[in-house]
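Student: I would like to go through this model and ask what stands behind each label. Can we start with a single residue and then widen the view?

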Amino acid sequence: MEESQEEIKRGLKDVAACETRISHVDPKGQLYYAGYNTDVLVGRVSFAEAVYLTWFDNLPSQKELSDFESSIISEMNLPEAVIKRLKSYSNSNHPMDILQSEIPYLGMHDPDLGDNSDSANRKKAIRIVAKVPTIIANLNRIRNNEPLIPPDDKLDFASNFLYMFLGKYPDELERETINKYMYLHLDHGLAASTFVARSTVSTQSDIYSGITSALGSLKGKFHGGANERVRGMLNEIKNIEDIEAYIQGRLDVKKRIMGFGHRIYQADDPRTKHLRELCENLCRRANKLDLYEKSKEIEFVVLNKKNIRPNVDFYAATILDALGIPVTFSTAFFASGRVAGWIAHIIEELNQRIIMRPTSRYTGKYGREFISIDKR
Ligand SMILES: CC(C)(COP(=O)(O)OP(=O)(O)OC[C@H]1O[C@@H](n2cnc3c(N)ncnc32)[C@H](O)[C@@H]1OP(=O)(O)O)[C@@H](O)C(=O)NCCC(=O)NCCS
């Protein structure tokens, strides 16, 4: 038997697996959403507006945006059966595990589940993007024995999420923060979770299955699970003077610093500067400037020692802390923004109509002799 000689690109490094018009990660430190540099749109479009852009390839008119956003907000309610299940989980169950379990269940309550036409998928897309934040918000309220809060149509979609989660009307800075936070998490080329979402639906499976796969990928610590661990690190480091020794200690035993490094960027992650600025403003307001200073010092030390820069998860972690989001909900907040990007990719992939089916290099044996069980 001839040995297989396929070239393996470990971690699929530098492999282009599909074409996309949705977003582009430029190694030189730029990120584009549907042709717009994200730096140009940041703070000038709401989260819902950016979602519209990635789904329809154009920025909406005022009327298109208000129709789109109203349709999302009107879908933020959950089926009673899902709420009942949210109440049944133990507080020790991780929100990401719960979210990943609830998506297929939600799908079973969707009248369009079995219809994979483009028009049905657009309806499902709205429902999913609307209901993911509600699952997260309701879970938090249930855990705190607090009443569930319905959305308020006077608030934009992203602000509703924060309102339903925390149970108080977000002020201007909080509304700006959650919109920018979700905007900056919306999409990022073929991230690991986006790849598995596309791979799942390349079999012409349904949108709920694509999202379930993506959630499983996102929670890993090399991906969106990093932000939770950044918060652990910020808690572990009590004083700014301890940072140098803490970082060196991890590097000495070849442990990674969470929230740092990226497969593609050779320069600053373009999202970092916006998140850093939000982080400073929020921490200043919440009298938590020591947290911001700690984060900046960690950034400085890691850059000096290892020449590695922060990624989206680093300052996002401090932002969530300053907003009062419990640590275990960190990755679920990431998911609340990225789910809209996954959906854009899923719909794009479904239309490409080709199964993703790579090969592997076989390293096992051939022609082994069978020995019956009584002789083994
Ligand atoms: C994001 C990440 C998975 C990218 O991985 P990758 O492209 O496969 O890069 P590699 O694992 O090949 O890393 C290249 C080198 O940088 C080092 N490195 C990368 N990220 C590092 C980090 N966060 N801390 C310390 N060292 C790091 C690796 O150890 C490796 O060093 P070596 O060549 O001496 O072995 C990686 O940077 C990482 O694990 N970061 C921490 C987790 C995180 O923040 N994830 C969120 C991503 S948005």
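Student: Why does L166 count as partly exposed?

Tutor: First, a caution: this is a predicted model. The relative accessibility of L166 is 24%. Buried means under 20% and exposed means over 50%, with partly exposed in between. L166 at 24% therefore counts as partly exposed.

Student: Where does L166 lie?

Tutor: In helix α7, which covers residues 157–166.

Student: Which residues is L166 in contact with, leaving aside its neighbours within four places in sequence?

Tutor: R141, L323, G324 and I325. The cut-off for a contact is heavy atoms within 4.5 Å. Take L323: 157 residues separate it from L166 along the chain, yet their C-alpha atoms are 9.1 Å apart.

Student: What share of the contacts in the whole protein chain joins residues 24 or more positions apart?

Tutor: 74%, counted among contacts with a separation of 6 or more.

Student: What makes the protein chain as compact as a globular protein of that length?

Tutor: Begin with its elements: the chain has 16 helices and three strands. Its radius of gyration is 22 Å, and the globule rule gives 21 Å for 376 residues. The two values are close, so the chain is as compact as a globular protein of that length. Along the principal axes, the C-alpha atoms fill a box of roughly 70 × 55 × 45 Å.

Student: How many of the residues are buried, and what does the surface consist of?

Tutor: Buried residues make up 50% of the 376. The chain exposes about 18400 Å², and carbon and sulfur atoms supply 49% of that area.

Student: How far apart are the mean positions of the positive and negative charges?

Tutor: 5 Å, with 51 charges of each sign.

Student: Now the strands. What makes the sheet open, and why do β1 and β3 stand at the edges?

Tutor: Three strands form the open sheet, in the order β1-β2-β3, with antiparallel pairing. β1 (23–26) and β3 (36–37) each have a single partner strand, so one side of each is left without a neighbour in the sheet.

Student: How do you know that β2 pairs with β1 and with β3?

Tutor: Pairing needs at least two bridges. Four bridges join β1 to β2. Two bridges link β2 (residues 30–33) to β3. Both therefore pass the cut-off. In the first pair, S23 stands opposite Y33, and D26 stands opposite Q30. In the second, Y32 faces N37 as its opposite residue.

Student: What lies in the turns of the two hairpins?

Tutor: Three residues separate β1 from β2, and G29 in that turn has a positive phi of about 100°. Between β2 and β3 there are two residues, and A34 in that turn has a positive phi of about 45°.

Student: Which side chains of β2 are buried?

Tutor: L31 and Y33, which point to one face. Q30 and Y32 point to the other face and are not buried.

Notes
Residues numbered from 1 in each chain as written. Predicted model: local features only at pLDDT ≥ 70, side-chain atom pairs only at ≥ 80, totals over all residues. Heavy atoms only, no water. Rg over C-alpha atoms; globule rule 2.2 N^0.38 Å. Buried < 20%, exposed > 50% of the residue type's maximum accessible area, 1.4 Å probe, protein only. Areas by Shrake-Rupley, 256 points an atom, 1.4 Å probe, with all protein chains shown as cover. Lys, Arg positive; Asp, Glu negative; His and termini not counted. Charge placed at Lys NZ, Arg CZ, Asp CG, Glu CD.
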